[in-house]
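I wanted to look around this model and write down what I found. These are my notes, one stop at a time.

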Amino acid sequence: MDATLTFLGSGTSMGIPTLGCNCAVCVSATPPAPGLPEPDPRNRRTRPSVLIEWDGHAVVIDTGPDFHAQAIRAGIGRLDAVFFTHGHADHILGMDDLRPISFHNTGNLPLYADEPTAATIERVFDYTFRAESRYPTSARVTLNRLDPTPGAFVELFGVRFQSFPINHGRQTITGYRFGSAAYLTDLWDIPAESVPLLQDLDILILDALRREPHPTHSHLAKSIEFVNLLKPRRAYFTHMGHDLDHTATEVVLPAHIRLAYDTLRLHFDIAPG
Ligand SMILES: [Zn+2]
Ligand SMILES: [Zn+2]
Ligand SMILES: [Zn+2]
């Protein structure tokens, strides 16, 4: 079954341009003053999120602080579900912008998250989830805990969204596979039990924060090693910081590894494997 994946955001937690930074990548990502050359819009990276669409259905993974603008840009008017990878601000703070979308659904909009992430979402958005004195126009959402078994899946309209653990520094967070594609944002390492779930991929999307090693995110050389290990047909790096200029970085990568950019749309097969 044909599906599309759209990068709503491809940047690291601070976004590119980063506030107060005048480095070449941040400057190139800033809208120019009149008369100056057009910047490279692929260096303008909002907080990480992807939209997956198939057969009239739509799901997003993570709703960060840029979700409202991303949803307008992508024309998102309704959603069937939202999956979360972990509870950091750059992945959850847009949850409240699901309100108008959730009002369009006949039932509650289902959210899926692992236990620690669900607990964080409930704490941050307590007015949405508390049983008593719930704010009356809160998002109409149901927060579902994912089965922690690696490879357990949520089935939505004939498509299986498999979840499995990945390491984000010392924290364990959730990666997802859907058909022939997988999304591993905020990845530092892949535990052994998750490796079998990442075989025979058409598209592998993974974190590549910067050139230098980082304690909680994979860096360029390490992400290339993951691609060499898992051998997807294509790989796209995301959650990128401001030391990775789009053109200068891509030119040194093999042809099957590309940098994601905001609005990039990919086609793939989402049929259950
Ligand atoms: Zn992040
Ligand atoms: Zn910068
Ligand atoms: Zn994170």
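**Entry 1: an odd-looking zinc site**

I started at the zinc ion (ligand 3), where the 4 donor atoms subtend angles of 90 to 172°, so the arrangement is irregular. I checked the rule: four donors are tetrahedral if all angles lie between 85 and 135 degrees; four are square planar and six octahedral if opposite donors are over 155 degrees apart and all others between 65 and 115; anything else is irregular.

Before going on, I noted that this is a predicted model, in which local features need pLDDT of at least 70 and side-chain atom pairs count only at pLDDT 80 or more, while totals for chains, interfaces and linings use all residues. Residues are numbered from 1 along each chain as its sequence is written, chains are lettered from A and ligands numbered from 1 in the order in which they are written, and side-chain values use heavy atoms, with hydrogens and water left out.

Which residues hold the zinc ion (ligand 3)? I found His 86 (NE2), His 88 (ND1), His 168 (NE2) and Asp 186 (OD), lying 2.2 to 2.3 Å from it. A donor here is an N, O or S atom within 2.8 Å of the metal (3.2 Å for Na, K and Ca), and water is not among the atoms, so sites may look incomplete. Along the chain I read the spacing of these donors as H-x1-H-x79-H-x17-D.

His 168 sits in strand β8 (residues 159-168) and Asp 186 in the loop between β10 (181-184) and β11 (203-207), so the pair ties together parts that are 18 residues apart in sequence. Strands are DSSP runs of E with at least two residues, helices are runs of H or I with at least four, and both are numbered from the N terminus. I looked up burial too: both His 168 and Asp 186 are buried. Buried means under 20% relative accessible area, exposed over 50%, and partly exposed in between (1.4 Å probe, protein chains only).

**Entry 2: the zinc next door**

Asp 186 turned up again, bridging the zinc ion (ligand 3) and the zinc ion (ligand 1), which lie 3.4 Å apart. For the zinc ion (ligand 1), I listed the protein donors as Asp 90 (OD), His 91 (NE2), Asp 186 (OD) and His 239 (NE2), at 2.1 to 2.2 Å. Its 4 donor atoms make angles of 90 to 163°, and the site is irregular. The spacing along the chain reads D-H-x94-D-x52-H. Asp 90 and His 91 are buried.

**Entry 3: the remaining zinc entry**

Is the arrangement around the zinc ion (ligand 2) tetrahedral or irregular? The 4 donor atoms there subtend angles of 103 to 116°, which makes it tetrahedral. The protein donors are Cys 21 (SG), Cys 23 (SG), Cys 26 (SG) and His 242 (ND1), lying 2.0 to 2.3 Å from the ion. I wrote their spacing down as C-x1-C-x2-C-x215-H. Cys 21 counts as partly exposed because its relative accessibility is 23%, whereas Cys 26 is buried at 0%.

**Entry 4: strand β12**

How many residues of β12 (residues 234-238) are buried? I got 5 of 5. Arg 234, Tyr 236 and Thr 238 point one way, and Ala 235 and Phe 237 the other way.

I then looked at the neighbours of β12. β11 and β12 run parallel, joined by 5 bridges, and Leu 206 has Phe 237 as its bridge partner. β12 also pairs in the parallel sense with strand β13 (residues 257-259) over 3 bridges, with Tyr 236 opposite Arg 258. Two strands pair if DSSP finds at least two bridges between them.

**Entry 5: two single residues**

Asp 189 lies in the loop between β10 and β11 and is partly exposed because its relative accessibility is 29%. Asp 189 touches Ile 166, Asn 167 and Phe 226, leaving out residues up to four places away in sequence. Contact means heavy atoms within 4.5 Å.

Thr 142 is in strand β6 (residues 141-145) and, at 33% relative accessibility, counts as partly exposed. With residues up to four places away left out, I found Thr 142 touching Asn 108, Leu 109, Pro 110 and Leu 111.
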